[in-house]
Amino acid sequence: MGNSTTEAIRTAWAALGGDPTAVAAVRPAGPDGVLPARLPVTDLAVACVAAAGLAALELARARGAATDGPLTVDSRAVAVSFTSERHLRVDGRGFSGFAPLSRYWPTADGWVRTHANYAHHRRRLLAALDLDPARPDDEALVAAVGERIVARPAVEVEQRVTAAHGLAVAARSPEEWDPHPQAAAVAAEPLVRLHADAPAAARPAPPAPPGLPAAGVRVLDLTRVIAGPVATRFLALLGADVLRVDSPGLPELEPQHLDTDAGKRSTLLDLGRPADRTRFEALVADADVVVTGYRPGALDRWGLSPEALRRHRPDLVVARLSAWGGTGPWAGRRGFDSLVQAATGIAEIERRPDGTPGVLPAQALDHGTGYLLAAAVLRALARRVHDGGAWTAELSLARTAGWLRHDLPAGSAPAGAPPDPEPWCAERDAPAGRLRYALPPLTLPGGRRTWAGPPTRWGSDPAVWSAG
């Protein structure tokens, strides 16, 4: 791979506050441009995975494990991992990536992107357009939605659906997004905000097994939809005991769970019930890390702010992921990778020859931010071993989009072709059936080639730690 990839790795590692000399351990391999786009998506993807690997090596050293050997990051493995949902099969059956109402729609003056994969988001979208949510997702409904949207300006559709707590974003050009107040707020934030919030004693950790620097680390996963689950899935690969916690009232989509929850366990807790609340607080008291993937402030009413969580565990590492950043007028909005691409000008940059908005060759904002989030957690754990402290990491998809657009060299490598996925996929039996899945994009020296176990049934595990 070219110099632009190495520079992207340096930039990502610097954003995490890592030792610059550590980058020499990375050996980028494979062809350039395997995620072909006008923007440097391949460089971003390889850099984020490499940064997570460097952070894993740092934690291994902090725990007294040998870290000999280079860290090889193959662009082909990364590209297949970043498009993992396309390679997922259960008993030979594939899955559609987006629901019928999740798409770009022409408007009176441009385009708008909607997201309606989840049933509650679909209901809100249709209600905002004065359509019956009980209607089936057939061609007639798609036509009716299109008729309602094409009659209005894009920003009006955005505002109307957002007011109904649905998900729609006007597709903006770079020139329209960059002066936007939310763009200014995001630009003022670092790519990765990692800081110690409160003093706490250093916590020496027992030696880590070869290739498993997170062995024995307990992670509560309160995330959904790719970025957060990708981060905690990588921690599970490194040996962490990851327990995903969901509300029974918000079912997960089966393909989403099967794609991003390998190596974890999955439980259901209703924090509005006193017994479940008590169980959750006991889990926090024995946790090392809590990862959240909701809008800033959305979880505070459940006592899930960093300050409230640390009343149960003073030296807790808290990692928080959002779509639009922690400040600005859109900080409290819901969002997904596809919507962030639309709003931040990426869809315009990647516009198709027929004039319709384009997309990145992978949900790279999600996957890339997920690996940066994992890297931040690993660095925080390493710092806690030596320095102590309660650490907080904060990242957003919108800031990663800004990094892709403004900070990585564009056009430095020719576009290539997507790799053959077969060498980078595997099969195994799972509770859901015979599972074909993308392998991890990175293996540490002496580490696992794949996760210790397949995804369990969503919500099927007890709300206890593995050794508890």
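Here are a few notes on one helix, a small set of strands and some individual residues in this predicted model.

1. Start with helix α6, residues 139–150. Its twelve residues, at 1.5 Å a residue, should span 16 Å, and the C-alpha atoms at its ends are 16 Å apart, so the expected and modelled spans agree.

2. Which residues of α6 are buried? They are Leu141, Val142, Ala144, Val145, Gly146 and Ile149. As a reminder, an α-helix has 3.6 residues a turn, so residues three or four places apart point the same way. As for what the buried residues of α6 pack against, the partners are β4 (104–106), β5 (111–114), α5 (119–128) and α7 (154–163).

3. Two of those partners belong to an open sheet of three strands, which runs in the order β4-β5-β6 with antiparallel pairing. β4 and β6 (168–170) are its edge strands, each pairing on one side only. On average, neighbouring strands here are turned by 30° against each other, direction ignored. Helix α6 packs on this sheet by touching β4 and β5, and the direction of α6 makes about 55° with that of β4.

4. For a closer look at the pairing, β5 and β6 are joined by three bridges in the antiparallel sense. If you want a residue pair to find on screen, Val112 has Ala170 in β6 as its bridge partner.

5. Arg122 is worth a click. This arginine sits in helix α5. Is it buried or exposed? Its relative accessible area is 13%, and because the cut-off for buried is under 20%, Arg122 counts as buried. Leaving aside residues up to four places away in sequence, Arg122 touches Leu101, Ala116, Pro133, Arg135, Pro136, Asp137 and Leu141. Leu141 in that list is also one of the buried residues of α6.

6. On the cysteines: the disulfide count is zero. Cys48 is buried, at 0% relative accessibility. Cys425 is buried as well, at 11%.

7. Further along the chain, strand β15 (residues 433–438) is mostly covered, with five of its six residues buried. β15 pairs with β14 (residues 425–430) in the antiparallel sense over six bridges, and the two strands form a hairpin with two residues between them. Within this pairing, Ala426 has Tyr437 of β15 as its bridge partner.

8. β15 has another partner too: strand β3 (residues 89–90) pairs with β15 over two bridges, again in the antiparallel sense. Here Arg89 stands opposite Arg436 of β15.

Technical notes: Residues are numbered from 1 along each chain as its sequence is written. This is a predicted model: local features need pLDDT of at least 70, side-chain atom pairs count only at pLDDT 80 or more; totals for chains, interfaces and linings use all residues. Side-chain values use heavy atoms; hydrogens and water are left out. Helices (H or I, at least four residues) and strands (E, at least two) are DSSP runs, numbered from the N terminus. The expected span of a helix is 1.5 Å times one less than its number of residues. Buried means under 20% relative accessible area, exposed over 50%, partly exposed in between (1.4 Å probe, protein chains only). Contact means heavy atoms within 4.5 Å. Two strands pair if DSSP finds at least two bridges between them. Axes are lines fitted to C-alpha atoms, for helices over the stretch in contact, and angles run from 0 to 180 degrees between N-to-C directions. A disulfide is a pair of cysteine sulfur atoms within 2.5 Å.
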